[in-house]
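Trainee: Before we begin, may I ask to see the structure we are to discuss?
Mentor: Certainly; please look at it first, and then put your questions.

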Amino acid sequence: MEEIRSKSGKSVRKSADGKSIRSREVSERSADGKSIRRRNAGVRPEEGKSARNRSARGRSGRTVDDERTSRTRTEGRSPDGKSINQGSHRGRKKRKKQKNSLLTNIILIVAAAVFCVSAFQLIKIGKGYYDGRSEYEKIRELAIKNDKKEGTGFQVNFDELRALNPDTIAWLRFDPEPAVINYPVVQGKDNEEYLHKTFSANENTLGTIFLNVDNNANFLDENSLLYGHYMNDGSMFRHLEDYKDKAFWEANPYFYIYTPDGQELVYHIYSVGEVLDTADTYLTDFPTNDDYQKFLNMTKEVALYDTGIEVTTADTIVTLSTCTSANDDHRFVVRGVKVKE
């Protein structure tokens, strides 16, 4: 191997076959006489690239790779080309989650409020039923005597009843069924007074069985009207609807009215059915016998079934009326003709 110099002053080594295997730059001097040493002594390409990268630092002292990373981050992408806007995405997701959580909480609060109000109303209704039933049980215990062993039968103490309520005019009873209809009867100053007032003058949805204000309290009118509520707990006139079934009527065809003067009025049920609240069923005044007979004929024609009982103008009837579960403007009525005093 021999070393030769080129015209530029570079030293070049050659192998025995004359090929160059390394080149080196020799020292040169600049115009001001300072030595500038530049080398390029057989550096490998990889090492040259690394050296250039190491030497290519910006004023901030960061390498090219650092600059590239910074630039890609500024552009919203990571060095591998993927988006790094995860911070803002997580922020939006968190805000959306908070908003959904707030909406869910509001819905839960509203639902809880509705539940509480509904529960309160149910408790209030249930308490009203309980208070009403308890009151009428106490009234029965106070005013009713029914001693079959002594043969006295069913008796009503009207003195006790009138001491509690001066509006007392009668007692209504079904026997044997529906036995739950076993109540005192009053007559108020109008047909509104006892709709939501019990016999003892307590405010309650059960109200009281009452006689139509236009009727005479002695039940001598051609058509006397008694009103009572249709209660979901089975009290008051709820079980009048049992008479929709003809078999039930056949087993229980009578009801009884007791008066303060000691009478027991027996009524034979001859017509049951559903009517409008404005129907002629509620007429109480008939100018002539012919008008009254037409009325009686109508009550039989609109009945659910034929009882075969004849009613004439010489008879007086009592109409028991209550609401229905189907419609607010419909009424269910049971009509009885007096057969015994």
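**Salt bridges, barrel and surface**

Trainee: Is K244 buried, partly exposed or exposed?
Mentor: This is a predicted model, and the relative accessibility of K244 in it is 42%. Partly exposed covers the range between 20% and 50%. K244 therefore counts as partly exposed.

Trainee: With which residue does K244 meet in a salt bridge?
Mentor: A salt bridge requires a nitrogen and a carboxyl oxygen within 4 Å, and here the N to O value is 3.6 Å. The partner is buried, with a relative accessible area of 12%. The side chain that meets K244 is that of E241.

Trainee: How many residues apart in sequence are the parts that R133 and D233 tie together?
Mentor: The side chains of R133 and D233 form a salt bridge at 2.7 Å, N to O. R133 lies in helix α3, whereas D233 lies in the loop between β11 and α5, so the parts tied together are apart in sequence by 100 residues.

Trainee: Which residue of β15 is the bridge partner of S271?
Mentor: Strands β13 and β15 both belong to a closed barrel of 8 strands with mixed pairing. These two strands run antiparallel and are joined by 10 bridges. In β15, the partner of S271 is R335.

Trainee: What is the area of the nonpolar surface patch that includes V114?
Mentor: V114 lies in helix α3 and is partly exposed, at 48% relative accessibility. Together with L102, I106 and V110, V114 makes a nonpolar patch of about 360 Å².

How values were computed
Residues numbered from 1 in each chain as written. Predicted model: local features only at pLDDT ≥ 70, side-chain atom pairs only at ≥ 80, totals over all residues. Heavy atoms only, no water. Pairing = 2+ DSSP bridges. Helix = DSSP H or I, 4+ residues; strand = E, 2+ residues; numbered from the N terminus. Patch = residues over 30% accessible without salt bridge, like charges linked within 9 Å, V, L, I, M, F, W, Y side chains within 5 Å. Areas by Shrake-Rupley, 256 points an atom, 1.4 Å probe, with all protein chains shown as cover. Buried < 20%, exposed > 50% of the residue type's maximum accessible area, 1.4 Å probe, protein only.
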